[in-house]
Amino acid sequence: FTVVDPSAGPRLRRTHLYSLPKIYFTTPYSNVKVTLPFAVDSETHGKHLTYLDTTGRYAVVLEKHNVVDEHAQNFQITYEYQPLALLQKPLAASAAFFALFIVSAILSRVELRIAGKVR
């Protein structure tokens, strides 16, 4: 899959000394390649952990010094993903609800009284 993303658009002829765009992916991707129409100072690939996240999100951080209006161009991100990875969270949520149902069914059958049933 290929994504073409326009960056921030025209910058009104301003020059920025430093720019650090961060790109976070929501599903587990692999073989991520970023194609830029200009050179960057640093391109870092890694994981970004968020709240209640099990595996982390794939992150690409681009670092560029002396950003001018000509740098506001489209760039291309190419990636691959496993179709089964899209089912990871729904299957985990379904398994958790099923486990909660089973535990509640078992606990409803357990006799918790100290004395036996009164007849």
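**Group meeting: a strand-rich chain with one helix, and its second largest pocket**

Okay, let me start with the pocket lining: in the second largest pocket, the lining residues split into 5 nonpolar, 6 polar and 3 charged. Before going on, please keep in mind that this is a predicted model.

So what is the space in that second largest pocket? It comes to about 160 Å³. Strand E6, residues 57-67, and helix H1, residues 88-109, are the elements that each give two or more residues to its lining. The lining has 14 residues in total, and the ones nearest the centre are Thr26, Thr27, Pro28, Gln88 and Lys89.

Now the overall layout. The protein has 1 helix and 7 strands, and reading from the N terminus the order is β-β-β-β-β-β-β-α. There are 119 residues, and 17% of them count as buried. The accessible surface is about 9,400 Å², with 61% of that belonging to carbon and sulfur atoms. For those of you who like contact maps: take the contacts between residues at least 6 apart in sequence, and 77% of them join residues at least 24 apart.

A word on the helical end. The UniProt record, an unreviewed entry, lists residues 91-110 as "transmembrane region". In the model, that stretch is 95% helix and 0% strand, and its end C-alpha atoms sit 29 Å apart.

Next, a few individual residues, starting with Phe25. Where is Phe25? You'll find Phe25 in the loop between strand E3 (22-24) and strand E4 (29-35). Is Phe25 buried or exposed? Phe25 counts as buried because its relative accessibility is 9%, and the cut-off for buried is under 20%. If we skip its neighbours within four places in sequence, Phe25 is in contact with Val32, Arg57, Tyr58, Val60, Ile77 and Tyr79. One more distance for Phe25: Lys47 is 22 residues away along the chain, and the two C-alpha atoms are separated by 9.6 Å.

Val32 is on that contact list, so to speak of Val32 itself: this residue is in strand E4. Its relative accessibility is 10%, so Val32 counts as buried. Which residues does Val32 touch, leaving aside neighbours within four places in sequence? The contacts are Phe25, His45, Tyr58, Val60, Ile77, Thr78 and Tyr79. For Val32 and Ile77, the separation is 45 residues in sequence and 7.0 Å from C-alpha to C-alpha.

Thr78 came up among the contacts of Val32, and Thr78 lies in strand E7, residues 74-81. Here the accessibility reads differently on the slide: Thr78 is at 29%, so it counts as partly exposed. Thr78 and Tyr29 are 49 residues apart along the chain, with 10.0 Å between their C-alpha atoms.

That takes us to Tyr29, which lies in strand E4. Why does Tyr29 count as buried? Because its relative accessible area is 18%, and buried means under 20%. Outside the four-place window in sequence, Tyr29 is in contact with Tyr58, Tyr79, Glu80 and Tyr81. Tyr29 and Arg57 are 28 residues apart along the chain, and their C-alpha atoms are separated by 8.8 Å.

To pull the contact lists together: Tyr58 and Tyr79 are among the contacts of Phe25, among those of Val32, and among those of Tyr29. That's what I had, thanks.

Conventions
Residues numbered from 1 in each chain as written. Predicted model: local features only at pLDDT ≥ 70, side-chain atom pairs only at ≥ 80, totals over all residues. Heavy atoms only, no water. 1 Å grid on protein atoms, 1.4 Å probe; cavity = no way out; pocket = protein on both sides within 12 Å on 5 of 7 lines; lining within 4 Å. Points joined across faces, edges and corners; volume = space filled by probe spheres on them. Helix = DSSP H or I, 4+ residues; strand = E, 2+ residues; numbered from the N terminus. Nonpolar A, V, L, I, M, F, W, Y, C, P; charged D, E, K, R; others polar. UniProt positions renumbered as here; feature names shortened; annotations may be inferred. Buried < 20%, exposed > 50% of the residue type's maximum accessible area, 1.4 Å probe, protein only. Contact = heavy atoms within 4.5 Å. Areas by Shrake-Rupley, 256 points an atom, 1.4 Å probe, with all protein chains shown as cover.
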